[in-house]
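Me: I should like to learn how to read the features of a protein model. May we go through them one at a time?

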Amino acid sequence: MIPVIVVFIYLVIIGVIGTLAFRRSQANTEDFFLANRAVGSMVFFLSIFATNMTAFAILGSSGQAYRQGIGIYGLMASSSGFVIPLTIFFIGTRLWAIGKRFGHQTQVAFFRDRWECSAIGTVIFALSVAMLVPYMIISIMGGGRVLNDISGGRVAYALGCAIVALVVTANVFFGGMRGTVWVNIFQTLLFLLFGAVAVAVISHGLPDTFGHYIQKIATNPKTRYLVTRERMPERYFWSYTLIPLSSIMFPHMAIMCFAARRVTAFKRTVVLYPLAILAIWLPCIFLGVLGTQLEPGLKNPDGILLHLLTDHAPAWLAGILGAGIISAVMGSDTHQVLAVSTMFTKDVFAHYGGKTKYGERGSVHFARGFILVVTLIAYVIALVTPASIFELAVRFAFSGFAAMAPVMIAALFWKRSTKYGALASTLWVAAWLLLTW
Amino acid sequence: MKLKAYLLTALVAAIYVLHQDFWNWRKAEPLLFGFLPVGLAYQAGYSILAAVMMAVLVRTVWPKHLEYVEPEIKDPKGDRS
């Protein structure tokens, strides 16, 4: 029960930080959604990194490494470490400048102004929300799994999902972007430390060395594929270098770019980003592969890290490390929830006259109402979906947003691009998502 | 200026190509530090290389002109969506 108590203490700390942010908040949408565009350099890095690291990064990666081996690191992590900082460098900085110059708070607003077309914004809004909800679902699933596994089943999966969804919702509901960013500082530091500490602790608790287990995997023809990429087609591996293009198209990433105080905040972020990915993914992938020897035959390998921690770490440390995993889960979920409500409020509610009718305060109330509705939908789907975290993320969120990246690139760098081209491209992505359902 | 752009484009393209380390595809050994399979160690090193590449880009082609952007709207809290 000790790990559960530690995790609950962590959740209370998150709640307290959110409350403090709420006390500092002002009743206008610029403050609620973008923290008055005043996010400093180091906080910007910690927050934008938390924005992108989901349950996928810790639970999904280790679970998939358990199934497919070390290739998952090159497939998702090192390719992300190359592509994402490049997109932040070339696209994120331009988005920031345009947002500052014209007051945009979302990418949808930018697209509407860029091509002077309301419809393109509405279509991109609808598609973005449809692709973002699966991403929210994996966060809720991840939270439920952590609480369920770490409590040895005492906290039911459905209750675990509900607790995480509730804390995230309350944090965004009251704290807005400021609450989200403040919580992110604490969360990112916690989950950046998670990997190294987990490896050290598990190593200490094993009867043999890591090298012994890896040699055992490598010399057995049935398991050798786990420490090579012999079952991973080279073309499949290459195709995943396109997946991280999704990152800059995530509405929550674009909104974070708008929130920076100065464009120089991006400098530190793009350099540290690949190293931070290394710090999280390398231990998770390695432990996922190691888990095939220590915890063989798992039906749902997404929980492999939790099994390893429960069996090989002291209870209190397992709790802190569990909190580290939940940090990754919640850090991104809060941004996703905030992004969905920001887009709804600015791109639909205000755009179609709601703000004129209900005023600035009314807009914030509607944003909060929308947060509740979307989280509830994501929660219900999280309880019934049979898909794994990896599958959900890749099939719906990553592929869809990556396919939308050309629209962003055209908007920023192709002067002769037209609204018809952008609209056709967006509808094509929507059609393919439906056709490959 | 043009030469610098060409060189940096070539650098980024070369690093992109290096991601596809086909020569490590079927190898597990040698194990770095006695436990890290070579394919995983290579890709971990690649992440460090990506950080170095970004540091070079920040130093050489940072979009300095963006640092002087000023808002064109009177009420920054107003709604432009």
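Me: Which residues of H3(A) are buried?

Reply: This is a predicted model. A residue counts as buried if 20 or more other C-beta atoms lie within 10 Å of its own. In H3(A), that applies to A:Val43, A:Phe44, A:Phe45, A:Leu46, A:Ser47, A:Ile48, A:Phe49, A:Ala50, A:Thr51 and A:Asn52. Because 10 of the 12 residues of H3(A) are buried, the helix is largely enclosed by the rest of the structure.

Me: Against which elements do the buried residues of H3(A) pack?

Reply: Their partners are helices of chain A: H5 (71-102), H8, H11 (246-249), H12 (251-259), H13 (265-294) and H15 (315-350).

Me: What span should the 12 residues of H3(A) have?

Reply: The expected span is 1.5 Å times one less than the number of residues. For H3(A), residues 41-52, this gives 16 Å, and the end C-alpha atoms are 17 Å apart, which agrees.

Me: How is the crossing of two helices read, and at what angle do the axes of H8 and H14 of chain A cross?

Reply: One considers the approach of the axes, their angle and the handedness. The axes of H8 (residues 157-204) and H14 (residues 304-312) of chain A come within 9 Å and cross at roughly 50°. That angle makes H8(A) oblique to H14(A). The crossing in which H8(A) passes H14(A) is left-handed.

Me: Which residues make the contact of H8(A) with H14(A)?

Reply: H8(A) contributes A:Ala198, A:Val201 and A:Ile202, while H14(A) contributes A:Leu305, A:Leu308, A:Leu309 and A:His312. By class, the residues of this contact are six nonpolar, one polar and no charged.

Me: Let us turn to chain B. How many helices and strands does its secondary structure have?

Reply: Chain B has two helices and zero strands. Of its 81 residues, 22% are buried.

Me: How many residues does each chain bring to the contact between chains A and B?

Reply: Chain B brings 41 residues and chain A brings 53. On the side of chain B that touches chain A, helices H1 (2-18) and H2 (38-61) each supply at least two residues. H2(B) gives the most to that side, with 13 residues. The residues on that side of chain B comprise 25 nonpolar, eight polar and eight charged.

Me: Which residues of chain B does A:Leu275 touch?

Reply: A:Leu275, which belongs to helix H13 of chain A, touches B:Ser47 and B:Ala51, leaving aside residues up to four places away in sequence. A:Leu275 is partly exposed, as it has 15 other C-beta atoms within 10 Å. Sequence separation and spatial distance should be read side by side: A:Leu275 and A:Ser78 are 197 residues apart in sequence and 9.7 Å apart in space, C-alpha to C-alpha.

Me: How should one read unusual backbone geometry?

Reply: Most residues other than glycine have a negative phi, and most peptide bonds are trans. In the loop between H1 and H2 of chain B lies B:Pro30, and the peptide bond from B:Glu29 to B:Pro30 is cis, with omega near 0°. B:Phe33 lies in the loop between H1 and H2 of chain B, and it has a positive phi of about 60° although it is not a glycine.

Me: Is B:Phe33 buried or exposed?

Reply: B:Phe33 is exposed, since 8 other C-beta atoms lie within 10 Å.

Me: What is phi of A:Glu116?

Reply: Phi of A:Glu116 is near 45°, a positive value in a residue other than glycine. A:Glu116 sits in the loop between H6 (107-115) and H7 (118-150) of chain A. With 8 C-beta neighbours inside 10 Å, A:Glu116 counts as exposed.

Terms used:
Residues numbered from 1 in each chain as written. Chains lettered and ligands numbered in written order. Predicted model: local features only at pLDDT ≥ 70, side-chain atom pairs only at ≥ 80, totals over all residues. Axes fitted to C-alpha atoms, helices over the stretch in contact; angles between N-to-C directions. Helix = DSSP H or I, 4+ residues; strand = E, 2+ residues; numbered from the N terminus. Parallel < 35°, antiparallel > 145°, perpendicular 65-115°, else oblique. Left-handed = near helix turned anticlockwise from the far one by under 90°. Contact = placed C-beta atoms within 7 Å. Nonpolar A, V, L, I, M, F, W, Y, C, P; charged D, E, K, R; others polar.
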